[in-house]
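Work through the exercises below with the model open. Each task is followed by its solution.

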Amino acid sequence: RSPIRRRLALAAACASVLLAALPAAAQDIKPRLIRFGYGLAENSNQGRAVKVFADEVQKLSGGKMKVRAIGGAALGPDTQMQQALIGGAQEMMVGSTATLVGIAKEMALWDTPFLINNTREADALLDGPVGDKVRGKLEEKGMVGLVYWENGFRNLTNSKRPVTRLEDLDGIKLRVMQNNVFLDSFKQLGANAVPLPYSELFTALETNAVDGQENPYNTILSAKFFEVQKYLTVTNHVYSPWIVTVSKKFWDGLSKDEKAVLQKAAVASRDFERKDTRDEAAKALAALKAKGMQVNELSPAEATRMRDKLTRVNAGVAAQVGMDLWNETQAQLTKLRAG
Ligand code: TF8
């Protein structure tokens, strides 16, 4: 490189060091109010992580940017909040990737049954090129995806009977997320699958409008589903992520420094959330048993039967997300499993 280019590079490096050292007050940050909606209770892994995000934004912006956290689906179910983000009436949210499939079809990748075997694979896939590509699809639709959080491995509950064999699901009215892959998956298993927004789930279970549902242990605990569900079957049938999104209309009006605040806070909240969720999940099953739930594992033979039925939806997911993305995902997983 020429000496002049080297000097320029050096100057640029110094400038960025200086910039990083600047107090928040000297950065290009204006007072901003961010309404951040989410569906679970304040006292849940989702609520705790939104709080961490809010505190982090406050700190990094020197108190100029304020996050107003609004939980319990008070701003509406995920799909309604997504439309508010796209229209610019709400700034941020966190929710299930599964409810975004109608907006960005590639999100269906994360609904593939048994795609991800453990949290190491989840983090590598979601934080790597595949996760970035899927997240990136939201931009042209009016949303910016910042980071993925962990919802977790999903397990089945119901109020009718213990599910020990595939046939036990026959006729069980099972709430699923509003998503074609989940609908197809549970139809394959013989359940009477009913798509419902999460915000209507507790009441639907309580009034026996539906018999069962599936969610990670954390949510079964924080949403108090144990009060209205007797049986829990350990299925771990899919790993669900959450995604933190920003209204593109709002995002485009932010300065570089303001965007950096949100990005840094998002990463900090992700790291907190995954650890918190995993710590809680490790203890949650015992807590659910203590609350009176009757828990059963599946025999290896029955687990295989269910898995075989569920993975019948895979070809459909591959077609929906595109073979390039599907193959890239499988290749990364193969590599991860080898090393
Ligand atoms: C579900 C999801 C929920 C999310 C949440 C409201 O069952 O697992 O955790 O949608 O953001 O709907």
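**Exercise 1.** Find the polar contacts from side chains to oxygen atoms of the ligand, taking N or O pairs within 3.5 Å.

*Solution.* Start at Gln46: an N or O atom of its side chain is 3.1 Å from a ligand oxygen. Go on to Arg175, where the distance is 2.7 Å. Then take Trp242: a polar side-chain atom lies 3.4 Å from an oxygen atom of the ligand. The protein covers 98% of the ligand's own 320 Å² of accessible area (Shrake-Rupley method, 1.4 Å probe).

This is a predicted model: local features need pLDDT of at least 70, side-chain atom pairs need 80 or more, and totals for chains, interfaces and linings use all residues. Numbering runs from 1 along each chain as its sequence is written, and side-chain values use heavy atoms, without hydrogens and water.

**Exercise 2.** Describe the shell around the ligand by residue class.

*Solution.* Collect residues with a heavy atom within 4 Å of the ligand. There are 13, and Gln46, Asn151, Arg154, Arg175 and Asn215 come nearest. Now sort the shell: four are nonpolar, six polar and three charged. Gly counts as polar here.

**Exercise 3.** Where does the ligand lie relative to the two domains?

*Solution.* Take the domain assignment: domain 1 is 22–102 + 113–151 + 241–282, and domain 2 is 155–239 + 284–338. Both give residues to the shell, so the ligand lies between them. Their C-alpha centres are 25 Å apart. Last, count contacts (heavy atoms within 4.5 Å): 35 residues of domain 1 touch 36 of domain 2.

Terms used
A polar contact is a pair of N or O atoms within 3.5 Å; within protein, one must be able to donate a hydrogen and the other to accept it, and residues adjacent in sequence count only if both atoms are side-chain atoms. Domain bounds come from an automatic or database domain assignment.
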